[in-house]
Amino acid sequence: MRNAAVPTLLPVYNRIDIVFERGQGSWLYDRNGRRYLDFGSGIAVTGLGHAHPHLVRALQDQAARLWHVSNLYRIPEQERLADRLVANSFAETVFFCNSGAEAIEGCVKLVRRYWWARGRPERFKIVTFEGAFHGRTMAAISAAGSKKLTEGCDPLLPGFEVLAFGDHAAIERAIGPDTAAVLIEPIQGEGGIRPVPASCLKALRELCDRFGALLVLDEIQCGMGRTGRLFAHETLGVRPDVVAIAKGLGGGFPIGAFLATGEAASGMTVGAHGSTFGGNPLACAVANAVLDVLLAEGFLDRVRAIGAYFERRVRETCAALPEEIAEVRGMGLMLGIKTVRPNTDVAAELRAAGLLTVPAADNVLRLLPPLTVSEAEIDHGCAIIRDTLGARPV
Ligand SMILES: *Cc1c(COP(=O)(O)O)cnc(C)c1O
């Protein structure tokens, strides 16, 4: 007989007791008809808001035609998506998978095979950074290295050297002729919205160039328009060799990818990698629809403008609440507010007042509104922050 004490859902999440029934744009509606302003976007996934008509239509049209054929055959939607990502980025080639962690996993294999194909299989060391989050597979938790992610999962995948965030001397010491690659998030997401200054990312690029190491960027959270360009490294002015994306790419439909230069991908030959579901027609139809919106004339210009408005309004609002908010960081539509009280308590109060945020490490609350957010919605969200946190007796 089933042991009733064992939950039918594996208890790995600490879930909030709300059931959302539908979404529209920046808003979510729960079972009781209560509405919430969604400044979490399912952790930077629903970047075009909920139920975007163009995405809904793309999914419905593709669903009525063809769902899946496997990568035994050509998939025109996948070819088109790759062509468009290449045409709009540094990359020359793309591999599609189903999630962020899988994209990182693929990047690790690409790096190892790059050096293996050059006759240097011993050159496998990948430099990573404390506070990083790269997903939950063994390679991804080994890369990030934090105890919170790896506890109980030993033995980890070897070959990663985790450096302190922002320790330039350690970085200079660690990167050398044995370094295979550097893996870094241009803006740490789970780590608490910690942006890497453009000057540091440029210095990393130069170190990689000096020794021939590959620069691999995890843009799974900060990419797909969140900083007002398709990729955060464009905003920061740095050219990578490899980039992992996922989250916003499918607008809520699961899809991930890694993008690479032809040179970086030179070890990835027939049989080197694969995925049953990766790049299937449904996922690619939706991701193409996401690109239709993101690449439309003027869309990213508007994201930059609304991102600047968002940053200004959030900074103003938080500056007036010094007892509650210690710091605001990040850029554009990817901001973090470091709260004085426990971030989850503050998140619960904001949620009760109708505003959804996402807690991160370092006692930060992430504000990740959809790229389609309006000025009025930003004003509404800031008013909730002001009224909820300003009303507390100090
Ligand atoms: C979410 C995230 C991942 C992992 O993506 P999954 O789809 O959950 O596997 C990896 N890196 C970063 C920066 C992320 O934000």
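Colleague: Let's start with asparagine 363: what does it count as at 23% relative accessibility?

Modeller: Bear in mind that this is a predicted model. Asparagine 363 sits in the loop between strand E16 (358-360) and strand E17 (364-367), and its phi is positive, near 55°, though it isn't a glycine. Buried would need under 20% and exposed over 50%. Its 23% falls in between, so asparagine 363 counts as partly exposed.

Colleague: And isoleucine 43, which helix is that in?

Modeller: Isoleucine 43 also isn't a glycine, yet it has a positive phi of about 65°. At 32% relative accessibility, it counts as partly exposed. The helix holding isoleucine 43, residues 41-44, is H1.

Colleague: Which strands are the edges of the seven-stranded sheet?

Modeller: The sheet is open and its pairing is mixed, with the order E4-E12-E11-E10-E7-E5-E6. An edge strand here pairs on one side only. That description fits E4 and strand E6 (160-163).

Colleague: What angle does H3 make with E4?

Modeller: H3 packs on that sheet, where it touches E4, strand E11 (242-245) and strand E12 (256-260). Between the direction of H3 and that of E4, the angle is about 130°.

Colleague: Staying in the sheet, what is the bridge partner of valine 182 in E10?

Modeller: Strand E7 (residues 179-184) runs parallel to strand E10 (residues 214-218), and the two pair over four bridges. On the E10 side, valine 182 is bridged to leucine 215.

Colleague: Within what arc do the buried residues of H8 fall, seen down its axis?

Modeller: Buried in H8 are Cys200, Leu201, Leu204, Arg205, Leu207 and Cys208. Their cover includes strand E5 (125-129), helix H7 (168-174), E7, E10 and helix H9 (232-236), while the face turned away carries the exposed Ser199, Glu206 and Arg210. The buried residues line one face of the helix, because they fall within an arc of 165°.

Colleague: Which residue follows H8, with a positive phi?

Modeller: Helix H8 (residues 198-211) has 14 residues and reaches 20 Å from first C-alpha to last, close to the 20 Å expected. Just after H8 comes a residue with phi near 80°, and that is glycine 212.

Colleague: How far is the side chain of serine 89 from the backbone nitrogen of alanine 91?

Modeller: Serine 89 lies in the loop between helix H3 (76-87) and strand E4 (93-97). Leaving aside residues up to four places away in sequence, serine 89 touches Phe231 and Leu259. From a polar atom of its side chain to the backbone nitrogen of alanine 91 is 3.0 Å.

Definitions and conventions: Residues numbered from 1 in each chain as written. Predicted model: local features only at pLDDT ≥ 70, side-chain atom pairs only at ≥ 80, totals over all residues. Heavy atoms only, no water. Polar contact = N/O pair within 3.5 Å; in protein donor to acceptor, adjacent residues only side chain to side chain. Contact = heavy atoms within 4.5 Å. Pairing = 2+ DSSP bridges. Axes fitted to C-alpha atoms, helices over the stretch in contact; angles between N-to-C directions. Expected span 1.5 Å × (residues − 1). Buried < 20%, exposed > 50% of the residue type's maximum accessible area, 1.4 Å probe, protein only. Arc of directions from axis to C-beta.
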